[in-house]
Amino acid sequence: MCTTCGCSDGETRIEGVTLTGGAHAHETLREGAPAATQWRVRPGGAGRAPIPPHAHLHPDGTWHSHVHGGGTVPEADVPELGAAHEHGNSTERIVRIEQDILARNDAFAQRNRQALADRGNFALNLVSSPGSGKTTLLVRTIEALQGSLPVFVIEGDQQTSLDADRIRATGAAAVQVNTGKGCHLDAHMVGHALAQLDPGDGSLVMIENVGNLVCPAAFDLGEAHKVVILSVTEGSDKPQKYPDMFHAADLMLVNKIDLLPYVQFDVDAAVECARRIRPGLEVICVSATTGEGFAAWLAWLERGVASARADRDRNLSALRRRVAELEAMLAAAAAVA
């Protein structure tokens, strides 16, 4: 088990179907030595932190490592045990594998982004620590948008379909992704979930990530924006403690503001802290319980959906013009011939 994030080997299941291979598969590196998730997040550009493998020896004499990307690590590329920590001579190998990890995930993310853009879907990646109120926020949002915007949801949790069941009770379509012992969604999982969800044109697609303020910061899922949710039952200094996540986000929702009279939470200090990490970060204060602040949140969503639909329409118009130009060129060529 990873001492940084708790991620370990386990099955990813989408609506009960086991997902194998792809950008986040756990492979065997040596006979009798199953791979386990071993990674950490370092500060990186736009919150996209590199994720290195980590080989180590267990007390029973066995060892393991992990790679995100569905490939095995050639034995020659696995550093000697302890080398990365004691001698510092594996930097080149680590960088090469880090680049491969992110490149694999980004390739899947780009496919997701293109598929969403082709349909004019506005996709959000909702990220937070456990217990921030993501699912309650989603339920109230769906109920508020009924009759105006179609909403499709991908639910990420290590186990159970409890949250997806809550979403389906609103009448919205939802697909449950269980990551097993994995602590975040990746673009490969989301691609499979999108294929099953099949969101309609011009829809709002909400991806509720696994509750974790570390690992999801590093993985692009193909979303338009990451939305980080910070509840007032957490500390105002949370952005300082988890800077990658807040740096990667475009919007921060301060949730559970109905509890402000009962907790010691400084909203202004939290916002200032977050904006030092991510200048220009948009902030909306809401209560998923009472609905306070929801007018601003719903307006933000409606603007995003309208923009995604407009981009799709412009792209379709440009494509139709290009097709018409090519047909005219072919007709002119045929006339000459």
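Buried residues make up 48% of the 337 residues in the protein chain. The model is predicted. Show the whole chain as a cartoon to start. The secondary structure comes to nine helices and 13 strands. Among contacts with a separation of 6 or more, 73% join residues 24 or more positions apart. Switch on the surface next. The protein chain exposes about 15500 Å², and carbon and sulfur atoms supply 52% of that area.

**Stop 1: the largest core**

Hide the surface. Select Leu124, Leu204, Met206, Trp297 and Trp300, and show their side chains. These residues have the most contacts inside the largest nonpolar core, which has 31 residues. In soluble globular proteins, nonpolar side chains tend to be buried together.

Now colour the elements that give two or more residues to this core. The strands are strand 7 (122-128), strand 8 (151-157), strand 10 (204-208), strand 11 (225-231) and strand 12 (251-255). The helices are helix 3 (134-145), helix 4 (162-168) and helix 9 (294-336). Which element gives the most to this core? Helix 9 does, with seven residues.

Centre on Met206. What does Met206 touch, leaving aside residues up to four places away in sequence? Leu124, Leu126, Leu138 and Thr141 are among its contacts. So are Val151, Phe152, Val153 and Ile154, and Trp297 completes the set.

A second, separate core has 19 residues. Select Val254, Val267, Val271 and Ala274 to find part of it.

**Stop 2: strand 11 and its partners**

Select 225-231, which is strand 11. Is this strand mostly covered or mostly open? Mostly covered: six of its seven residues are buried.

Add strand 7. Strand 7 and strand 11 pair in the parallel sense, over five bridges. Val127 stands opposite Val228 of strand 11. Then add strand 12. Strand 11 and strand 12 also run parallel, joined by five bridges. Here the bridge partner of Val228 is Met252. Keep Val228 selected, and you have Val127 as its opposite number and Met252 as its partner in strand 12.

In a regular strand the side chains alternate between the two faces of the sheet.

**Stop 3: salt bridges**

A search of the whole structure finds 11 salt bridges. Visit three of them.

Select Arg119 and Asp198. Their side chains meet in a salt bridge at 2.7 Å, N to O. Arg119 sits in the loop between helix 2 (91-118) and strand 7, and Asp198 in the loop between helix 5 (187-197) and strand 10, so the pair ties together parts that are 79 residues apart in sequence. Arg119 is partly exposed, with a relative accessible area of 29%. Asp198 is partly exposed too, at 43%.

Move to Arg278 and Asp250. The closest N and O atoms of this salt bridge are 2.5 Å apart. This pair links distant parts of the chain, 28 residues apart. Arg278 is in the loop between helix 8 (267-277) and strand 13 (282-285). Asp250 is in the loop between helix 7 (243-248) and strand 12. Arg278 is partly exposed at 21% relative accessible area, and Asp250 is partly exposed at 22%.

Finish with Lys241 and Asp237. In this salt bridge the closest N and O atoms are 3.7 Å apart. Is Lys241 buried or exposed? Lys241 counts as exposed, at 53% relative accessibility. Asp237 is partly exposed, at 31%.

**Stop 4: the loop at Gln158**

Select Gln158, in the loop between strand 8 and helix 4. Its relative accessible area is 34%, so Gln158 is partly exposed. Add Asn178. The two residues are 20 apart along the chain, and their C-alpha atoms are separated by 4.8 Å.

Now select the contacts of Gln158, again leaving aside residues up to four places away in sequence. They are Asn178, Thr179, Gly180, Lys181, Gly182, Cys183 and Val210.

**Stop 5: a nonpolar patch on the surface**

Turn the surface back on. Select Leu316, Leu319 and Val323. Together they form a nonpolar patch with about 240 Å² of accessible area. Leu319 lies in helix 9, the element that gives seven residues to the largest core. Leu319 itself is exposed, with a relative accessible area of 52%.

Technical notes: Residues numbered from 1 in each chain as written. Predicted model: local features only at pLDDT ≥ 70, side-chain atom pairs only at ≥ 80, totals over all residues. Heavy atoms only, no water. Core = buried A, V, L, I, M, F, W, Y, C linked by side-chain atoms within 4.5 Å. Buried < 20%, exposed > 50% of the residue type's maximum accessible area, 1.4 Å probe, protein only. Helix = DSSP H or I, 4+ residues; strand = E, 2+ residues; numbered from the N terminus. Contact = heavy atoms within 4.5 Å. Salt bridge = Lys/Arg side-chain N within 4 Å of Asp/Glu carboxyl O. Pairing = 2+ DSSP bridges. Patch = residues over 30% accessible without salt bridge, like charges linked within 9 Å, V, L, I, M, F, W, Y side chains within 5 Å. Areas by Shrake-Rupley, 256 points an atom, 1.4 Å probe, with all protein chains shown as cover.
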